[in-house]
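Here is a short tour for anyone who likes to see how a protein holds its ligand. Have a look at the model first, and then we can walk through it together.

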Amino acid sequence: MIRCMEQEKEFLTDLDNAIADGDHGINMARGFCAVEQKIADFGSKDIGTVLKTAGMTLVSAVGGSAGPLYGTAFMKSGMIMNGKNEMNISDFIECIKVSVEGIMQRGKAVRGEKTMLDAMIPSLEAMEKAFSDGLSDKEIIEHGVEAAKNGVEFTKTIAATKGRASYIGERSIGHQDPGATSYTFLLDVVANAL
Ligand code: ADP
Ligand code: MG
């Protein structure tokens, strides 16, 4: 994820530039770079501690909305992974579920407002379905990535009603949401790692 955010820095920033203040890639790269500085301390810590530390680091290292929102996602995930040293696929899906809930609460946003939630919610639903259909772990996450990509496409068709892109309202139609895009990249990293 750290490498990916570094690589996509310019692309995500260009997307944000088209509809808002052009810092999403910079924010994500800065946040994940700060997480990288903490890796040495992670050592043998449990997954909960690692995720909570990553979340707190994202919140403190990144200004703007995405840092606190992604930070919330990692912190909420960390809470349910408390004391665990292994993560199975249902833990992973549960992490995405609490992340969606945390982001909705913190950002006061719902589906259809042209935010990261428009990739996250469909991907969560697709992974829950793939899980109950008995697909493999990798297939489950690949279904999640596919749904997230469709969610990103959907964000092109709607006007932003949350975040800085809402300042230009209808003029944001035609552009994909940067946060929905970064989420899709991050989930794709997980699929490829499997
Ligand atoms: P900022 O908007 O403060 O410049 P970023 O550019 O890093 O922060 O992040 C913008 C992204 O954050 C948007 O593309 C959108 O996906 C997401 N976002 C903004 N506001 C909200 C919100 N209230 N709820 C959910 N996601 C949001
Ligand atoms: Mg921005």
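Helices and strands here are DSSP runs, with at least four residues for a helix and at least two for a strand, numbered from the N terminus. By that count, the protein has nine helices and zero strands, so its pattern along the sequence reads α-α-α-α-α-α-α-α-α. Please keep in mind that this is a predicted model.

How compact is the protein for its length? Its radius of gyration is 16 Å, close to the 16 Å that the globule rule gives for 194 residues, so the protein is as compact as a globular protein of that length. Along the principal axes, the C-alpha atoms fill a box of roughly 45 × 40 × 30 Å.

Now to the ligand. Ligand 1 takes up the space of the second largest pocket. Around ligand 1 there are 21 residues, and the closest are Asp23, Asn27, Ser65, Gly107 and Asp177. For three of these residues, the polar contacts with an oxygen atom of ligand 1 are as follows.

| Residue | Part of the residue | Distance to an oxygen atom of ligand 1 |
|---|---|---|
| Asp23 | N or O atom in the side chain | 2.9 Å |
| Asn27 | polar side-chain atom | 2.8 Å |
| Ser65 | polar backbone atom | 2.8 Å |

How much of ligand 1 does the protein cover? On its own, ligand 1 has 560 Å² of accessible area, and the protein covers 95% of that.

Which elements give two or more residues to the shell around ligand 1? They are α3 (24-42), α5 (66-80), α6 (89-107) and α9 (178-193). The largest share, three residues, comes from α9. Sorted by class, the shell holds seven nonpolar, eight polar and six charged residues.

Notes:
Residues are numbered from 1 along each chain as its sequence is written. Chains are lettered from A and ligands numbered from 1 in the order in which they are written. This is a predicted model: local features need pLDDT of at least 70, side-chain atom pairs count only at pLDDT 80 or more; totals for chains, interfaces and linings use all residues. Side-chain values use heavy atoms; hydrogens and water are left out. A residue is near a molecule or strand if one of its heavy atoms lies within 4 Å of it. A polar contact is a pair of N or O atoms within 3.5 Å; within protein, one must be able to donate a hydrogen and the other to accept it, and residues adjacent in sequence count only if both atoms are side-chain atoms. Accessible areas come from the Shrake-Rupley method with a 1.4 Å probe; for residues, only the protein chains shown count as cover. On a 1 Å grid over the protein atoms alone, a cavity is a set of points where a 1.4 Å probe fits but cannot get out, and a pocket is an open set with protein on both sides within 12 Å along at least five of seven lines; lining residues have an atom within 4 Å of a point. A molecule sits in a cavity or pocket if more than half of its atoms lie within 2 Å of its grid points. Ala, Val, Leu, Ile, Met, Phe, Trp, Tyr, Cys and Pro count as nonpolar, Asp, Glu, Lys and Arg as charged, and the others, Gly among them, as polar. The radius of gyration is taken over C-alpha atoms; the globule rule is 2.2 Å times the number of residues to the power 0.38.
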